[in-house]
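This briefing sets out the fold, the sheet and the internal spaces of a single protein. Please read it alongside the sequence and the coordinates.

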Amino acid sequence: MEPQRSLLVFRLAGQLAALPLESVERIAPMAQLSRPPGLPYVLEGILNLAGRAVPVLRLDRLLELPEQPLGLYSMLILLKGVSNGRIAILVDRVSEILPLPESAFLPVGKDHSFNACAEAAVSVRGEIVNVLSPARILLENEREALSAFQAMAQRRLQDWKPEQL
């Protein structure tokens with residue numbers, strides 16, 4: 001029996017894309033985000049997830065796709081193992097979890113992919129789905145800048161006291 005991989009398939013700027021399911025911590029509905037001053041263009045904001053600051057990336061901006069307005073089904077995909085802490089990506093909507101055999105994955109060269117972050121392509125019901133590599137979504141300098149920004153946001157959350165509300 002051929003080994004299988006599971007993908008989380010989602011819509012982004014009108015296109016289908018996917019992430020390996022093992023890189024997804026959870027899926028959450030769009031929430032209220034804080035937007036501190038100096039927020040980088042590719043960040044939609046900071047999510048307070050049980051006292052932890054989680055930066056929310058606008059993948060459409062990062063990949064230079066047409067920017068989509070936030071909608072009723074906009075979702076946050078929390079990734080694990082991408083940077084020093086958690087990050088979330090904002091997508092138009094999550095479609096499905098799809099198990100596929102290894103033979104369905106066609107390799108994609110870094111020069112022929114979204115910002116060099118697609119690791120494979122698969123066909124789903126006649127539509128091409130780019131499988132993104134969480135490790136390649138951000139460049140090293142972007143990961144470092146994001147970690148510094150996340151640390152600052154975490155300090156702000158820790159300094160926030162309920163009586164200040």
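The lining of the largest cavity is made up of five nonpolar, two polar and three charged residues. The model that holds this cavity is predicted, and the points below, which begin with the spaces and then turn to the sheet and the overall fold, should be read with that in mind.

**Cavities**

- Two cavities of 30 Å³ or more are found in the structure, and the largest cavity encloses about 60 Å³ of space.
- The residues lining the largest cavity are Leu12, Arg58, Asp60, Gln68, Pro69, Leu70, Ser74, Leu90, Val91 and Asp92.
- Leu90, which is one of these lining residues, also appears in the sheet, where leucine 76 stands opposite leucine 90 in E7.

**Largest pocket**

- The largest pocket holds about 180 Å³ of space, and its lining consists of Gln32, Leu33, Ser34, Pro36, Ile46, Leu47, Asn48, Ala153, Arg156 and Leu157.
- Two elements, strand E4 (43-49) and helix H2 (140-159), each contribute at least two residues to the lining of the largest pocket.
- Sorted by class, the lining of the largest pocket comprises six nonpolar residues, three polar residues and one charged residue.

**Five-stranded sheet**

- Five strands form an open sheet in the order E3-E6-E7-E5-E4, and the pairing within this sheet is mixed.
- At the edges of the sheet lie strand E3 (24-29) and strand E4, each of which pairs on one side only.
- On average, and with direction ignored, neighbouring strands of this sheet are turned by 30 degrees against each other.
- Within the sheet order, E6 is followed by E7; strand E6 (residues 75-79) and strand E7 (residues 87-91) run antiparallel and are joined by five bridges.
- In general, the strands of a sheet pair through backbone hydrogen bonds, in either a parallel or an antiparallel manner.
- Strand E4 thus has two roles in this account, as an edge strand of the sheet and as a contributor to the lining of the largest pocket.

**Overall fold**

- The protein contains two helices and 11 strands, and along the sequence these elements follow the pattern β-β-β-β-β-α-β-β-β-β-β-β-α.
- Of the 165 residues of the protein, 47% count as buried.
- Among contacts in the protein with a separation of 6 or more, 58% are accounted for by residues 24 or more positions apart.

How values were computed:
Residues are numbered from 1 along each chain as its sequence is written. This is a predicted model: local features need pLDDT of at least 70, side-chain atom pairs count only at pLDDT 80 or more; totals for chains, interfaces and linings use all residues. Side-chain values use heavy atoms; hydrogens and water are left out. On a 1 Å grid over the protein atoms alone, a cavity is a set of points where a 1.4 Å probe fits but cannot get out, and a pocket is an open set with protein on both sides within 12 Å along at least five of seven lines; lining residues have an atom within 4 Å of a point. Grid points are joined across faces, edges and corners, and a volume is the space filled by probe spheres set on the points. Ala, Val, Leu, Ile, Met, Phe, Trp, Tyr, Cys and Pro count as nonpolar, Asp, Glu, Lys and Arg as charged, and the others, Gly among them, as polar. Helices (H or I, at least four residues) and strands (E, at least two) are DSSP runs, numbered from the N terminus. Two strands pair if DSSP finds at least two bridges between them. Axes are lines fitted to C-alpha atoms, for helices over the stretch in contact, and angles run from 0 to 180 degrees between N-to-C directions. Buried means under 20% relative accessible area, exposed over 50%, partly exposed in between (1.4 Å probe, protein chains only). Contact means heavy atoms within 4.5 Å.
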